[in-house]
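Biologist: Hello! Could you walk me through this one, a question at a time?
Modeller: Gladly, let's look at it together.

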Amino acid sequence: MTAELVTLEPPVTLSDAVARWNSGAMALVPLAGAAAPLVMARDTRETLGEYANPNGVSGRDLIDAVEAAELRGRGGAGFPTGVKMRAVADREGPRTIVANGDEGEPLAVKDRYLMRIRPHLVLDGLLRVADAVAADRAVVYLSDTVSADSVRKALDELGGTPVPIDVLQVPRTYVGGEESSVVRAIDGGPPLPTDKPPRPFESGVGGGPTLVLNVETLARIPGIAAGVKTDSVLLTLTGSVTRPGLYEVPLGRPLRELVEPVGAPVGFLMGGYFAGLLGPRALDIPLGFTELRAEGSGLGCGAVSVLGPGDCPVAAAADVIAYFDRENARQCGPCIRGTAAMAGALRELADGTASDARLEKLQSWSASLRGRGACATLDGACNVAATLLREFPELVAEHRAVPCSRCAALGPTERTAPHIDPESEET
């Protein structure tokens, strides 16, 4: 990369890079040459006086501009943002728009960065979209206390907004940022998923059409309104890399041009925990929604963790599915039983005690359990299991008889790789 790396002291070990981001321990890397980068090489909050509010199109013209820009949601699903905006705008009100900053993915920090450091950019995007869809109410939904304080301070600096904006802070969980969880929490319930249909755009907050957009998605709206290209993505890079941090990188570039690994990577956790594992071939796959989907993976929330020479993908997969087992909402039988079963099978594999029949079951579960939960947590667990079996067949075969030296060193009850500690997701 040609952008200057900004490293804030003291340096950190790879194991706590994400957990210590809030203390200024990660690199912040802007996109070189960008007209309006989202990431700024600073660790202090941008005030209203410092924020350069761009002019641009508004109202229904903004929906047209977002569709023309082909902006995809940055929360995980990558759904076309313009389609979501138009679906809500075309329905009878009252309409609600939600800035979703819950950021439940343990390996991601981008949304917290934007809300902590660039809250006026997020609020500008929120208000522009609220105007475009004729929303009656707006909500900033988050779980991070520092972000909540930053957004509330920004609202005080604005001194009033055309649409009422509430800030709702909920406990941080993996499922709390799922769209139906968001709606349920705003309506006074627990932040847990509900069955679908209806989708929030059909019947959301208070029964009205509701537009839920990730905060990075909203942060790109002012630039689109002003005609600035949105061909970049915020990438939280952790693991076995020389500089863990938050990067703004061009879409479509291969990871090889963007990642400086420590030694030869043995694999990658893609899209946070949800998109599963890829082998070393991930270095040559262009970083994009379509390109990664074609390779059986995904961009997700823009988080990539690099597994280095001292790491074991089997141990990593066992960690992640154990995390899904702990974090599921305990509402859907298939998810409760399915994640537990897959977690158990992967523990056995990591310990070198998995039978052929058990691994055949794991392969079957990774396909048959998809789409059977109220939210995508079970799908995420299936992705991890399926991609491990697909990307690392020789490694899986070796673990059938005996654990690798890495897994053996961890022991049967301590199965966490240094850079994947599901118990350390709270920042």
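Biologist: How many disulfides does the structure hold?
Modeller: Keep in mind that this is a predicted model. A disulfide is a covalent bond between the sulfur atoms of two cysteines. The number of disulfides that the structure holds is zero.

Biologist: Which cysteine sulfur is closest to that of Cys404, and why is there no bond?
Modeller: A disulfide needs the two sulfur atoms within 2.5 Å. For Cys404 the closest cysteine sulfur is 3.6 Å away, which is too far for a bond. That closest sulfur belongs to Cys312.

Biologist: Is Cys335 buried or exposed?
Modeller: Its relative accessibility is 7%. Buried means under 20%, so Cys335 counts as buried.

Biologist: Let's turn to helices. At what angle do helix 12 and helix 13 pack?
Modeller: Two packed helices are described by the angle between their axes and the distance between the axes. Helix 12 covers residues 356–368 and helix 13 covers residues 377–391, with their axes 8 Å apart. They pack at an angle of about 130°.

Biologist: What does that make helix 12 relative to helix 13?
Modeller: Angles of 65 to 115 degrees count as roughly perpendicular and those over 145 as roughly antiparallel. The angle here is about 130°, and that makes helix 12 oblique to helix 13.

Biologist: Which residues of helix 13 do the residues of helix 12 meet?
Modeller: Helix 12 passes helix 13 in a left-handed crossing. The residues of this contact divide into six nonpolar, two polar and no charged. From helix 12 come Leu362, Gln363, Trp365 and Ser366, and in helix 13 they meet Cys382, Ala385, Ala386 and Leu389.

Biologist: Now for Thr217: is this residue buried or exposed?
Modeller: Thr217 has its place in helix 7, residues 215–219. With 1% relative accessibility, Thr217 counts as buried.

Biologist: Which residues is Thr217 in contact with, leaving aside neighbours within four places in sequence?
Modeller: Some partners can be far along the chain, so let's start with a spacing: Asp111 is 106 residues from Thr217 along the chain, and their C-alpha atoms are separated by 9.7 Å. As for contacts, Thr217 has Leu71, Arg72, Gly73, Arg74 and Thr81.Biologist: And what does Gly82 touch, not counting residues up to four places away in sequence?
Modeller: Gly82 lies in helix 2, residues 81–89, and is buried, with a relative accessible area of 3%. Its C-alpha is 8.2 Å from that of Arg72, which is 10 residues apart in sequence. The residues that Gly82 touches are Ile63, Val66, Glu67 and Leu71.

Conventions: Residues numbered from 1 in each chain as written. Predicted model: local features only at pLDDT ≥ 70, side-chain atom pairs only at ≥ 80, totals over all residues. Heavy atoms only, no water. Axes fitted to C-alpha atoms, helices over the stretch in contact; angles between N-to-C directions. Helix = DSSP H or I, 4+ residues; strand = E, 2+ residues; numbered from the N terminus. Parallel < 35°, antiparallel > 145°, perpendicular 65-115°, else oblique. Left-handed = near helix turned anticlockwise from the far one by under 90°. Contact = heavy atoms within 4.5 Å. Nonpolar A, V, L, I, M, F, W, Y, C, P; charged D, E, K, R; others polar. Buried < 20%, exposed > 50% of the residue type's maximum accessible area, 1.4 Å probe, protein only.
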